[in-house]
Amino acid sequence: MLQKNFKKALRGVIASSLALISGSAFAIDLNMPVGVTPMSHDVYDLHMYVFWVCVGIGIVVFGLMLISIIWHRKAAGYQPAQFHENTAIEVIWTIIPFIILIALAIPASKVLVDMTNTSDPDMSIKIEGYQWKWQYDYLQNGFSYFSTLATDSNAASQLDSGINPISVPHYLRDVDHPMVVPTGKKIRLLITANDVIHSWWVEDFAVKVDAIPGFVNQAWIKVDKPGTYRGSCSQLCGRGHAFMPIVVVAESWSDYQKWVAAMQTSHGAFINPATLQPEQNGSPVVYAPAELNFNAPTPAPTQATATATPAAAPSPTPGSAAAEVKPAGKPVVAGKSWTMAVAMVRGKQVFDANCAACHMADGKGNPAMAVPAIAAGPIPNGPLAAHISLVLHGKGIMPAWGNILDDADLAAVITYERNSFGNHQGDLVQPAQIKAAR
Ligand SMILES: [Cu+2]
């Protein structure tokens with residue numbers, strides 16, 4: 001019986017492996033990818049060079065062995081030659097490997113030195129790892145944003161979601177807001193982490209650099225051709241390690257500039273709530289220009305609208321990147337006040353990106369993890385000050401969001417919690433209130 005089951009299982013495994021091979025594996029290169037940056041080309045060339053040196057050594061060594069074993073075998077009557085303690089041979093087989101090692105070390109060191117040469121970049125992007133997402137900070141442009149797992153991947157990855165991951169394009173390899181870079185420019189990456197060690201790895205760039213709290217590691221890229229490049233965190237960083245993919249969109253300098261301008265405009269629009277009155281023209285408010293679609297250069301699937309969860313936020317335009325743009329260190333937003341509609345839209349996005357993992361998208365909490373519900377919860381329906389304080393400072397496994405989100409995001413998410421999931425507190429929290437409560 002057991003044997004029968006085992007055979008059946010084995011047949012299944014073999015059949016599915018064969019299907020895999022015949023389906024796609026021939027399309028999969030067995031070699032390492034050539035990549036799209038000068039660094040990745042150098043790494044690839046180095047790899048090929050070392051590979052051919054190894055092939056040469058293999059041919060010589062196994063060739064000699066084969067000749068001895070097959071043609072000079074004892075059974076064929078050969079007498080072994082005697083060259084014990086032959087100085088000449090010993091010197092030769094010491095010198096040859098030594099020369100080979102030098103011949104490998106010189107080009108390898110050259111590539112290594114090039115890799116660390118981050119001097120004189122055209123621009124710098126700070127990349128910060130969080131449990132479990134990435135933050136991209138465009139240092140010269142004054143904005144930053146979080147890049148979290150795409151909502152369709154997230155939904156499919158939930159226990160008993162009933163969604164077949166195979167039906168999700170780029171399952172666990174897609175994000176809501178990719179990192180966007182221009183092609184043909186030298187970009188310095190400053191890589192660090194906020195909580196535990198992560199590692200930023202994009203194969204096509206030949207960049208795999210540890211993100212360590214308190215240290216800033218460096219790498220650089222110069223992407224040859226426009227496209228979407230995918231990577232992942234490559235340092236086991238906790239429960240959500242598999243759920244913090246990396247997506248980099250490379251586009252031409254002019255497209256990139258348009259994107260930057262859109263980010264800045266939307267950010268500017270955001271801090272001026274007067275332009276965002278939902279009542280204007282009687283039409284539903286559009287919080288971000290259409291071209292602000294983060295996935296713009298790749299008209300490919302899903303993500304532009306992925307944040308459009310069917311929940312009850314009054315937002316017809318979920319692509320509103322504006323909502324997650326942070327005012328890089330400058331508390332521009334803090335002095336301004338905003339309207340309920342603006343706060344609620346942004347609050348929903350902040351909630352879905354940061355809080356839904358534990359409190360669930362429907363606000364019902366997760367009893368298995370001892371995460372309380374926001375719906376009808378005592379704190380979201382109690383005094384505001386206690387609510388703000390809990391979110392700012394955390395408690396137990398509830399993170400201290402004061403260190404992670406800015407005043408505007410916090411004000412928005414707290415407003416959202418107090419007025420969603422059946423809670424009707426009616427308060428509209430202003431960024432200034434968060435600032436005061438810090
Ligand atoms: Cu990580």
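**Figure 1. Val202 and its surroundings in strand E6.** Leaving aside neighbours within four places in sequence, Val202 is in contact with Val207, Tyr229, Gly231, Ile246 and Val248. This is a predicted model, and the view takes in Val202 within strand E6, which spans residues 198-202. Is Val202 buried or exposed? Val202 is buried, as 26 other C-beta atoms lie within 10 Å. One partner deserves a second look: Gly231 is 29 residues from Val202 in sequence, yet their C-alpha atoms are 4.2 Å apart in space.

**Figure 2. The largest nonpolar core.** Which residues touch the most other members of this core? They are Leu189, Val207 and Val248, out of 72 residues in the largest nonpolar core. Helix H6 (residues 340-359) is the element that gives the most, with eleven residues. Domain 2 (123-251) and domain 3 (257-297 + 314-437) each contribute residues, so the core lies between the two domains. As background, nonpolar side chains in soluble globular proteins tend to be buried together. Val207 makes a good place to zoom in: beyond its neighbours within four places in sequence, Val207 is in contact with Leu189, Trp200, Trp201, Val202, Ala219 and Ile221. Val202, the residue of the opening view, is thus met again here as a contact of Val207.

**Figure 3. Helices H2 and H3 side by side.** A pair of packed helices is described by the angle between the axes and the distance between them. For H2 (residues 38-71) and H3 (residues 87-116), the axes come within 10 Å and cross at roughly 170°. The two helices are therefore roughly antiparallel. On the H2 side, the contact is made by Met39, Asp42, Val43, Leu46, Tyr49, Val50 and Val53. Facing them from H3 are Ile100, Leu104, Pro107, Ala108, Val111, Asp114 and Met115. What classes of residue make up the contact of H2 with H3? Twelve are nonpolar, two are charged and no polar residue takes part.

**Figure 4. Helices H6 and H8 crossing.** Here the axes of H6 and H8 (residues 407-418) are 7 Å apart, and the helices pack at an angle of about 95°. That angle makes H6 roughly perpendicular to H8. H6 brings Ala343, Met344, Arg346, Gly347, Lys348, Val350, Phe351 and Cys355 to the contact. H8 answers with Asp409, Ala411, Ala412, Val413, Thr415 and Tyr416. Sorted by class, the contact of H6 with H8 holds nine nonpolar, two polar and three charged residues.

**Figure 5. Backbone details in three loops.** Most residues other than glycine have a negative phi, and most peptide bonds are trans. If you enjoy checking backbone geometry, here are three spots to visit. Gln131 and Trp132 are joined by a cis peptide bond, with omega at about 0°. Trp132 sits in the loop between strand E1 (123-130) and strand E2 (133-138). Asp160, a residue other than glycine, has a positive phi near 55°. Its loop runs between helix H4 (151-157) and strand E4 (179-182). Asp160 is exposed, with 5 other C-beta atoms within 10 Å. Met360 also has a positive phi, near 70°, and is located in the loop between H6 and helix H7 (384-393). Met360 counts as partly exposed, with 18 C-beta neighbours inside 10 Å.

**Figure 6. Gly377 and Gln433, with partners from farther along the chain.** Gly377 belongs to the loop between H6 and H7. With 18 C-beta neighbours inside 10 Å, Gly377 is partly exposed. How far apart are the C-alpha atoms of Gly377 and Arg418? They are separated by 9.5 Å, while the two residues are 41 apart along the chain. Gln433 is placed in helix H9 (residues 431-437) and is partly exposed, with 19 C-beta neighbours inside 10 Å. Gln433 and Ala411 are 22 residues apart in sequence, and their C-alpha atoms are 7.6 Å apart in space. Ala411 is also one of the H8 residues that meet H6.

**Figure 7. The whole chain, for orientation.** The protein chain has nine helices and ten strands. Of its 438 residues, 34% are buried. Among contacts between residues at least 6 apart in sequence, 69% join residues at least 24 apart.

Methods
Residues are numbered from 1 along each chain as its sequence is written. This is a predicted model: local features need pLDDT of at least 70, side-chain atom pairs count only at pLDDT 80 or more; totals for chains, interfaces and linings use all residues. A nonpolar core is a set of buried Ala, Val, Leu, Ile, Met, Phe, Trp, Tyr and Cys residues joined through C-beta atoms within 7 Å. A residue is buried if 20 or more other C-beta atoms lie within 10 Å of its own, exposed if 12 or fewer, and partly exposed in between; C-beta atoms are placed from the backbone. Helices (H or I, at least four residues) and strands (E, at least two) are DSSP runs, numbered from the N terminus. Domain bounds come from an automatic or database domain assignment. Two residues are in contact if their C-beta atoms, placed from the backbone, lie within 7 Å. Axes are lines fitted to C-alpha atoms, for helices over the stretch in contact, and angles run from 0 to 180 degrees between N-to-C directions. Angles under 35 degrees count as roughly parallel, over 145 as roughly antiparallel, 65 to 115 as roughly perpendicular and the rest as oblique. Ala, Val, Leu, Ile, Met, Phe, Trp, Tyr, Cys and Pro count as nonpolar, Asp, Glu, Lys and Arg as charged, and the others, Gly among them, as polar.
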